[in-house]
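Biologist: I should like a close look at one helix of this protein and at what surrounds it. Please set out the reasoning in full, and then extend the account to other local features that deserve attention.

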Amino acid sequence: MSVPAQGFTATDHAMMARALRLASRGEYTARPNPMVGCVIAQGDEVVGTGWHERKGGPHAEVFALQAAGERARGATAYVTLEPCSHQGSTGPCADALIAAGVTRVVGAMSDPFPKVNGSGFDKLRAAGIQVDTGLMEPLARDLNRGFLSRIERGRPWLRVKLATSLDGRSALASGDSKWISSEAARRDVQKWRARAGAILTGAGTVLIDDPHLTVRLGDDTPFAPPLRVVLDPGLATVARGHVREGGAPTLYLHAPDARMPRGIEADHAAVNVAHGLMDLDAVLKLLGERGINEVQVEAGATLAGAFLTAGLVDELLLYVAPLMLGERARPLFDGLHIDEMTERLSMRIVETRRIGADVRVLLQPGAAP
């Protein structure tokens, strides 16, 4: 049962905000697990903090309890996600909080993972610990939108990244798109790649642009290399391209009747194809089964348009450059076939930010409130 927002104090809000900032430190490394932060406090004094760094490593609560030591007894624990109650790679965090003697747990949200899903909070309450939930839940859900999408919908959160001119063009008629966006924008994209579990493109982009689809942060920030996914019905690109190079893994998704060329070894899986297009729902389900929380699509207008038309785009990451490419250049999306204003697809702007010479716009489907 959630406590009404007015039931939380200013201290509660401040501590949970700190826990959410801690959780975000796992943005590039925690997957496929959720990002989680924990703050242990005695009143207004923080006595321990922690966040979940990587799969198989200690959870946020364990780090925070270790830092707090004996001062955890009688304290309040602020957690951005319900403490686990089952034995996984590590022991149950609910048990650890009980053993440490905390007297109150404030949680931002329940964990929908079937092995938790309320049982963590129930275990704490059964031990006599006061549990208050729902504090800053929208922010907690947004932080872990990929993990929640995979658990609740059975598919990853899908983000389409595109660079566009002011006249809404993504490439010249020849397919050349290097470079519409500025160097600053291209550096910024690396951070979004780093948080994605997979970077997805089509065979056409591999043949035309020959992308690496790797993360290049330019500093010592740790990250887990995203899976590179190529939708290639006929396996026309499997023997070529930078996408096969480097330390990041690559997965080729192809039609059921396609055969891997002799002498080529690659991770691959079959997906049904109809009318020349892959079953995109099946693609996302397959990636979800592989533990992918977020997919970032970096492809041309045909594949980007197919995902949008199928209603599978959760987020659009758009870099708008101050230039014109003209009417013969390629559009952002192909295949929308909108003839009436009543058929238009509405997007709401979540965020805008100046990145170098460009403007970065983050959008999600749906009309503005």
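Modeller: The account below begins with helix α2 and then moves to other parts of the chain.

The model is predicted. Its protein chain has an average pLDDT of 92, and 96% of the residues score at least 70. Residues 1-5 stay under 50 in pLDDT, and the model gives them eight contacts beyond four places in sequence. Where pLDDT is low, predicted coordinates should not be read in detail.

Helix α2 spans residues 60-68, and its buried residues are Ala60, Glu61, Ala64, Leu65 and Ala68. Viewed down the axis of α2, these buried residues fall within an arc of 125°, and therefore they line one face of the helix. The spacing can be understood from helix geometry: an α-helix has 3.6 residues a turn, so residues three or four places apart point the same way. The buried residues of α2 pack against the strands β1 (37-42), β2 (45-51) and β3 (76-79), and also against helix α3 (93-100). On the other side of α2, Gln66 and Ala67 are exposed. Just after the helix, glycine 69 adopts a positive phi of about 60°.

The loop that leads from β2 to α2 contains arginine 54. This arginine 54 counts as partly exposed, at 44% relative accessibility. Leaving aside residues up to four places away in sequence, arginine 54 touches Thr29 and Ala30. Arginine 54 and tyrosine 28 lie 26 residues apart in sequence, while their C-alpha atoms are 9.0 Å apart in space. Proline 32 is found in the loop between α1 (10-23) and β1. The peptide bond from arginine 31 to proline 32 is cis, with omega near 5°.

The cysteines call for a separate remark. The structure holds zero disulfides. Cysteine 84 is in no disulfide, its nearest cysteine sulfur being that of cysteine 93, 3.7 Å away. That separation is too far for a bond, because a disulfide requires cysteine sulfur atoms within 2.5 Å. Both residues are nevertheless buried: cysteine 84 has a relative accessible area of 8%, and cysteine 93 one of 0%.

Further along the chain, strand β4 (residues 104-107) and strand β5 (residues 130-133) run parallel and are joined by four bridges. Within this pairing, valine 105 stands opposite valine 131 of β5. Together with helix α4 (residues 119-126), β4 and β5 make a right-handed β-α-β unit.

Two residues in the loop between α8 (203-209) and β9 (227-231) concern backbone geometry, and aspartate 210 is one of them. Most residues other than glycine have a negative phi, and most peptide bonds are trans. Aspartate 210, although not a glycine, has a positive phi of about 50°, and at 28% relative accessibility it counts as partly exposed. Leucine 213 lies in the loop between α8 and β9 as well. Its phi is near 55°, also positive in a residue other than glycine, and leucine 213 is buried, with a relative accessible area of 2%.

Finally, glutamine 190 lies in helix α7 (residues 183-195) and is buried, at a relative accessible area of 6%. Residues up to four places away in sequence aside, glutamine 190 touches Thr214, Val215, Arg216 and Leu217. Glutamine 190 and valine 215 are 25 residues apart in sequence, yet 5.5 Å apart in space, C-alpha to C-alpha.

Terms used: Residues numbered from 1 in each chain as written. Predicted model: local features only at pLDDT ≥ 70, side-chain atom pairs only at ≥ 80, totals over all residues. Heavy atoms only, no water. Pairing = 2+ DSSP bridges. Right-handed = clockwise from strand over helix to strand, strands pointing away. Buried < 20%, exposed > 50% of the residue type's maximum accessible area, 1.4 Å probe, protein only. Arc of directions from axis to C-beta. Contact = heavy atoms within 4.5 Å. pLDDT = per-residue confidence, 0-100.
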